[in-house]
Structures are given as structure tokens and as C-alpha cells.
Amino acid sequence: MLLYLTGLAILAVGYFTYGRFLEMIVNPTDATTCAFTQRDGVDYVPMPRWKNMVIQLLNIAGTGPVVGGIFGIQYGKISFIIIPVGCVLGGAAYDYLAGMMSLRYHGANLPRSISLNLGGFWSKAFSIIVIPTLLVIVTVFVNMPAKLCEQVVQPVAQQAVNPGFSGIFWVAAVCIFAFYIAAMLFPVDKFIGKIYPLFGVLTIIGTLAIFVVLLIHGFRNPAVFEMSEGFRANMCTPEHYPFIPVFFMLVTCGLLSGFHAVSSPVVARSMQSERDGRCTFYGMMILEGFIAMVWAGAAMVIFNHRPELMDDNANVIMANIINFFLGKRFALLPILAIIMLAVTTGGAALRICRMVVAETLHVRRDETRKLNVIVFVLIAVISCALWWSNLEDTSFNRFWSYLVLGNQAIAVFALLAVTVWLMRQGKPWIVAFVPGTFMCFVIFTFVCWTSTVHHMPAGPGLPLGVSMAIAGVVAAAAAAGTIVRGIRMRERDRRKKTK
């Protein structure tokens, strides 16, 4: 129990200390933001800080902190410290720096920010990664809430209406798609700005409901936060799930998530002041870390009670946690919270995918017909992917693995771009360089080590030591290249100023 409370304290203290330190590095000003200078009534629309905070939380959270917290705790109580420390030093720092970089570049999408700092070649390479990753994210975040609706609504309908009643999955999928299309096409203040605050309230209440009951269990019986014999017997083992790279790849949103830097321009284009950055970007990631901690603690309790669940899929574990803590009578609230997290993140991913594709193809915002064609093609591709992902569990698991891999690759690109951005300004760039280099090492270790034997994306399946050695060389090369690029860009900027 003490370790769990310590982790929560790290999140709170981190916001007021490391978050403030990063704010001093960026040094927000009172300059007029792009929400006013480029106001277009669609994407660039000034909105209140509290609305931007809620939208940012719902855009970035998804089911990542839920699934990540559930999976992370299977490594033991140490996750109660690693998740908050990783969130403070990695995820929240990444969100703030990437978000402020976008804001300073007038709400630029991440490919544009990468082009300005790493160069056109790396921007094109990034676009090859980011578009498929966004499509996978949308597919996953249609599949998961639709599956959850199927598990919750279909049994009730079968009991009340018809024992043979089925097809809830595709009904839910169509409704979710309709929501995504509306979120993508309507002006940000007319749809997202109106609906997301309500979703935010549901998410926060659902999370707090589990948190309060979790604390009651913990104070009544602190042993529920200790690892039972059954728990230890089912923990992730180094032989099958080595801490590096698996923990840092799969527990993504509780630590660091590449998608966040891709979604941040949506909010950057609505911010009225640079000084709102710390609470909007850094603070909302801290709140996401809290969500991950709530589900990690709840998973610890349920796994001690029923250790056999550690081998089950995330949806089954979530349903058992909700029923255990709140009972069937109050289960609807946290279920709605999970569905809202998934749906809002998927909606943000589709909106951003449309923006990135349009920007890559040089389609202007006023070219409505071309934008509609892009939307139609994206929906067709995602529909095919959704059908395939629903064929069997292995298909969905493969999609999730691809999401994780692409997500973390995006994070590396973004962090190295932020490193160069800070170097050009003569500011402490190490705050982005260290997590960027580390995640580069983790990714290439994962790529070299993984194989179908590990039930993950196919790779060469090299020994872990060999994989780490190769990853170390690649990460060192990327680090050296980033530093050289930063020095050159700083010198180029200096020469321009002196002319």
C-alpha cells in the first residue's frame, strides 16, 4: 500500500517540480497564438483552457493507460514506481515539449515539425510510418469499444428481447464510425468542444469510482497490495517477457506514447495562451498516469484474488475488475468511461490522419472535394482492417502489436526533433535526448528479439543479448546524428541572424 501511495505522490510532485522546470526551459510568452493569427473557424479556433485540457486528455488517453496498467502490474509491485517516474520524466515531458514545439510552429502537424528540424528525408520516412500507424489506431479503437459493447449489451438484449439476438458489434462499430466522421468534419468548437466535456466528466467519475473503492480495500486490508503466491506464479518472466524491451513497449501510454505528439496540434490550434501549455500538455499526461495507476492497483487486487485471470485478454480482465469493485449494478459507469476513452482517441486519430494525408498530398483546407475523397478512402481502408481484425483473437493481437511498434517509433522521431529544436535555441536539450535515445534502443531491441514464438510481430527472433547489442549501435548512431544535426542547424540559424 505504501509503495502505491508513493507512486501517486510522485505524479503529483512531478507536476509541480519537473513540469515547472520544463516550463522554465521553454519559457512561454504572451505572444498571440495561432488560434487567433490563423483563425479559420474549423481547426484554428480559440477555446477556453479547461476545454482544451479535457480534449487533450480524451485525445491522448484511449485504452492505453487501462491496458498498460493491467499489463504492467504483471511485472510486480515495482510498476507502482516505474509507471509514475516514467510518466513524469518521459511521457509528460514528451507531451509538453512536443505540444509546445507545435504551438511555436503555429499548430504545425508533427511531420512538418520533423521536417523543420530533422530535414525533409526524415519527414518523408516519418510519414511512411505515421499514416499506417494512425489507421491501425483507429481500427483498434473501433474494435475495442465495439467488443466491450458486445460483451455488455448483447447478453442483456438476449435476456430481455431474444435469446438469439446478435450483431451488436457491427451496430456499435457503425455508430462509432459515425461519431468519428462527425468529429473529423465538423469545426472543432462545434462538435468536439461541445461533446468532449461531457465525455470527460464520465471518464473522470468512472475512474474515481474504482479509485475510491480501491483505497477502501487497501486501507481495510493492506495485504491486497502484496503479491500472493498465485500472483507470483503467473507473473511475466524474463524468459518470455524480458523487462527490456517488452515492458517499455507494451506499457506505452502510462509512460510515453508517440501518438500524443501527433494529436497535440489539435489542441495547440485552440490554445489562447502559451502559458496554458503546462496544465494542458504536461498536466493531462500526469492525469493519464493516474488513470494507469488506478487500473494497475485494481489489477493487483483482482490478480491476487483470481491469479488465473493474468492469462486472459484485456477485455475479460477489465470486466472482472469492474464487477469486483463496483458490482453489476454500478458497472455501467466505468464501462462507459473506457468506451469514451477509446472512442475519443480513435476519433482524434482519424481527424489527424486526414490532416496528415492532406498535408502530405498538399491538399488545402478549402479544397472540400479532395478532402472528402481522402475521408472516403480512409474509411474504406479502416473498414477492411476492422473486418480482418475481428476474424479471430490473433488478428486483433497482431494489430495491437503493430500499434505499439508504430506508436513508439513515432515517439523516437518526435523526441529527436524536439532535441534539435531545443539545441537550436541553446536550451537544455538533454531532457528530450535521453528518453528519445533510450526508446530508440528499446524499439530496435524489440524488433530484433521478437518473433512469432513471442506471439508478436514477426522478427528475426535473435537472442536478447545480441538484440541489445545491435540496438545499442543503432541508438548510438541515431544519437550522434541528432547531435550533429542540432549543431549544424544552430550554426545555420546563427548565420542567418548575423546577415
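This passage describes the nonpolar core of a predicted model and several buried residues and helices within the same structure.

The largest nonpolar core of the predicted model comprises 177 residues, among which Leu134, Trp295 and Phe303 have the most contacts inside it. Helix H14, spanning residues 277-305, supplies the largest share of this core, with 19 residues. When neighbours within four places in sequence are left aside, the contacts of tryptophan 295 are formed with Pro65, Val66, Ile70, Ile210, Met318, Ile321, Ile322 and Ile338.

Two hydroxyl-bearing positions, threonine 207 and serine 264, were also examined. Threonine 207 is placed in helix H10, which covers residues 192-220, and it counts as buried because its relative accessibility, 6%, falls under the 20% cut-off. Once residues up to four places away in sequence are excluded, threonine 207 touches Phe290, Ile291 and Val294. Serine 264 belongs to helix H13, formed by residues 258-268, and has a relative accessible area of 0%, so that this residue is likewise buried. With residues up to four places away in sequence again not counted, the residues touched by serine 264 are Gln56, Asp95, Gly99 and Phe281.

Helix H12, which consists of residues 243-250, is largely enclosed by the rest of the structure, because six of its eight residues are buried. The buried residues in H12 are Pro245, Val246, Phe247, Phe248, Met249 and Leu250.

Definitions and conventions. Residues numbered from 1 in each chain as written. Predicted model: local features only at pLDDT ≥ 70, side-chain atom pairs only at ≥ 80, totals over all residues. Heavy atoms only, no water. Core = buried A, V, L, I, M, F, W, Y, C linked by side-chain atoms within 4.5 Å. Buried < 20%, exposed > 50% of the residue type's maximum accessible area, 1.4 Å probe, protein only. Helix = DSSP H or I, 4+ residues; strand = E, 2+ residues; numbered from the N terminus. Contact = heavy atoms within 4.5 Å.
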